[in-house]
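Okay, let's get going. Please pull up the sequence and the structure, and keep both in view while I talk.

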Amino acid sequence: MGGEAEDGRGVRAVLLGPPNSGKGTQARAIARRLGIPAISTGDMLRDAVAAGTELGRRVGEVLAAGELVDDGTMARVVRERLARPDTAAGFLLDGYPRTESQAETLTEILAERGEELSAAISIDVPEAILVARARGRGREDDREEVMRERLRVYREKTAPLVGYYEKRDQLRVVDGDRPVEEVTSQIFVELGVPESEVA
Ligand code: AMP
């Protein structure tokens, strides 16, 4: 048995959250248990930089500075990734969208497939905790500079997406200042997937 919502297939969700909120960890844990891909645009871009592809050469400096890659480039990256067959049964996006324009692009891509987003999960962590987590990693000064810039960019460009998804009744807020497993359980609740039924 098990319809779409019950076994987690058909989950098409985005994870929103500031740098160091644990969103990548959560995306991977949840996607693994649901058997759907966790798509991290940050990982895709870092891979492109490491491989020295045309894309990687174009975005390398932007990543190093903690700025955002332009929306047009990101639209192509995400459109191509979502066209791969492994997304047919659902996916979790980690790091996309990061601007309102990107959110509109995602809505369009899904609409073309006759699909909608299941939910936008916002992982909420107080800023003081984010900074403490960054320090705990023993970053050097220059890395801390980049971390601050990433936080600033998040506040300015990405945090407004919380309101964007709230207006569309798709927002679910999860307290991220808790042990990893508790956050994971709460995300399953918000996705409407009974945790007992996933691997
Ligand atoms: P992340 O691992 O998600 O923190 O992403 C690392 C870096 O990749 C970010 O600081 C940005 O420079 C870039 N990046 C990742 N996703 C996006 C996106 N959706 N829009 C613009 N830039 C992005």
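Start at the ligand. Which residues are closest to it? They are T41, R46, E67, G95 and Q102, out of 14 residues that surround the ligand. Keep in mind that this is a predicted model.

Where does the ligand sit? In the largest pocket. Now look at who builds the shell around it. Helix α3, residues 41–51, gives the largest share, with four residues.

Next, the polar atoms. Take R46. An N or O atom in the R46 side chain is 2.9 Å from an oxygen atom of the ligand. Go on to E67. Here the backbone does the work of contact: one of the polar backbone atoms of E67 is 2.5 Å from a ligand oxygen. Then Q102. Its side chain has a polar atom that lies 3.0 Å from a nitrogen atom of the ligand.

How much of the ligand does the protein bury? Taken alone, the ligand exposes 470 Å². The protein buries 94% of that area.

Now leave the ligand and find T99. This residue is in the loop between β3 and α6, and α6 covers residues 100–112. Is T99 buried or exposed? The cut-off for buried is under 20% relative accessible area. T99 has 10% relative accessibility, so T99 counts as buried. The T99 side chain also has a partner. A polar contact of 3.1 Å joins it to the side chain of D71.

Last stop: strand β1, residues 11–16. How many of its residues are buried? Six of six, so to speak: the strand is mostly covered. Check both faces. On one side you find V11, A13 and L15, and these are buried. On the other side you find R12, V14 and L16, and these are buried too. Notice that R12 is on that list of buried residues.

What does β1 pair with? Two strands to look at here. One is β3, residues 90–94. Five bridges join β1 to β3, and the two run parallel. To place yourself, find R12: its bridge partner in β3 is F91. The other is β4, residues 119–124. Four bridges join β1 to β4, and these two also run parallel. Find A13 this time: its bridge partner in β4 is A119.

Quick recap. The ligand sits in the largest pocket, and the protein buries 94% of the area that the ligand exposes alone. Strand β1 is covered on both faces, with bridges to β3 and to β4. Thanks, everyone.

Methods
Residues are numbered from 1 along each chain as its sequence is written. This is a predicted model: local features need pLDDT of at least 70, side-chain atom pairs count only at pLDDT 80 or more; totals for chains, interfaces and linings use all residues. Side-chain values use heavy atoms; hydrogens and water are left out. Buried means under 20% relative accessible area, exposed over 50%, partly exposed in between (1.4 Å probe, protein chains only). Two strands pair if DSSP finds at least two bridges between them. A residue is near a molecule or strand if one of its heavy atoms lies within 4 Å of it. A polar contact is a pair of N or O atoms within 3.5 Å; within protein, one must be able to donate a hydrogen and the other to accept it, and residues adjacent in sequence count only if both atoms are side-chain atoms. Accessible areas come from the Shrake-Rupley method with a 1.4 Å probe; for residues, only the protein chains shown count as cover. On a 1 Å grid over the protein atoms alone, a cavity is a set of points where a 1.4 Å probe fits but cannot get out, and a pocket is an open set with protein on both sides within 12 Å along at least five of seven lines; lining residues have an atom within 4 Å of a point. A molecule sits in a cavity or pocket if more than half of its atoms lie within 2 Å of its grid points.
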